[in-house]
Amino acid sequence: MIDSGVLLGFSHHEARELALRTVQGSITLLQKTEKTPVELKWQVASPKGTTIAGLKALEESGFKTAVINAFVAAYQREKEMQS
């Protein structure tokens, strides 16, 4: 996220602050509700807005699969290290 901000012309400090606020806001929203992340996505993302454009790009890049694979790989490695 920080690298993207820098690529778009923000200073490293500005990009870092924007990334932290974005993640912090998402976590706060999730903590304050019983809604699922998918429900929240549709609540905050306008059909032709910036959030949905970013989410679409993540989906097209296989982001969800990459995150799942990373967690599964780390979990499996942890199990291997325990034996």
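These are my notes on the pockets and salt bridges of a predicted model.

**Entry 1: the largest pocket**

I started with the pockets. The largest pocket holds about 1,200 Å³ of space. I pulled up its lining and got 25 residues, of which Lys41, Thr51, Leu55, Leu58 and Phe63 come closest to the centre. Next I asked which elements give two or more residues to this lining. They are α2, α3 (37-44), α4 (50-60) and α5 (63-82). Helix α4 has the largest share, with nine residues.

I also sorted the lining of the largest pocket by class. I noted 14 nonpolar residues, seven polar ones and four charged ones.

**Entry 2: the second largest pocket**

Then I went to the second largest pocket, at about 240 Å³. I wrote down its lining in full: Met1, Ser4, Gly5, Leu8, Phe10, Ala15, Leu18, Ala19 and Thr22. Both α1 (2-7) and α2 put in at least two residues, and α2 has the largest share with four.

How many of these lining residues are nonpolar, polar or charged? I have six nonpolar, three polar and no charged residues for the second largest pocket. For the record, the lining of the largest pocket does have charged residues, four of them.

Helix α2 turned up in both lookups: it is among the elements that give two or more residues to the largest pocket, and it supplies the largest share of the second largest one.

**Entry 3: salt bridges**

How many salt bridges does the structure hold? I got three, and I went through them along the chain.

*Arg16 and Glu17.* These two form a salt bridge, with the closest N and O atoms 3.7 Å apart. That counts because the cut-off is 4 Å between a Lys or Arg side-chain nitrogen and an Asp or Glu carboxyl oxygen. I checked exposure as well. Glu17 has a relative accessible area of 26%, so I have it as partly exposed. Arg16 comes out at 39%, so it goes down as partly exposed too.

*Lys56 and Glu60.* Here the closest N and O atoms are 3.5 Å apart. Both residues sit in helix α4, four residues apart, which is about one turn of the helix. Are they buried or exposed? Glu60 is exposed, with a relative accessible area of 59%. Lys56, at 52%, counts as exposed because the line for that label is drawn at over 50%.

*Arg77 and Glu80.* The side chains of this pair meet at 3.2 Å, N to O. Both are in helix α5; they are three residues apart, so about one helical turn separates them. Glu80 has 49% relative accessibility, so it counts as partly exposed, since exposed would need over 50%. Arg77 is partly exposed as well, with a relative accessible area of 45%.

**Entry 4: back to Arg16**

I took another look at Arg16, the partner of Glu17. Arg16 is found in helix α2, residues 12-31. I also looked up how Arg16 sits relative to Asp3. The two are 13 residues apart in sequence, and their C-alpha atoms are 8.7 Å apart in space.

**Recap**

I have two pockets on file, at about 1,200 Å³ and about 240 Å³. The salt bridges are Arg16 with Glu17, Lys56 with Glu60 and Arg77 with Glu80.

Conventions:
Residues are numbered from 1 along each chain as its sequence is written. This is a predicted model: local features need pLDDT of at least 70, side-chain atom pairs count only at pLDDT 80 or more; totals for chains, interfaces and linings use all residues. Side-chain values use heavy atoms; hydrogens and water are left out. On a 1 Å grid over the protein atoms alone, a cavity is a set of points where a 1.4 Å probe fits but cannot get out, and a pocket is an open set with protein on both sides within 12 Å along at least five of seven lines; lining residues have an atom within 4 Å of a point. Grid points are joined across faces, edges and corners, and a volume is the space filled by probe spheres set on the points. Ala, Val, Leu, Ile, Met, Phe, Trp, Tyr, Cys and Pro count as nonpolar, Asp, Glu, Lys and Arg as charged, and the others, Gly among them, as polar. Buried means under 20% relative accessible area, exposed over 50%, partly exposed in between (1.4 Å probe, protein chains only).
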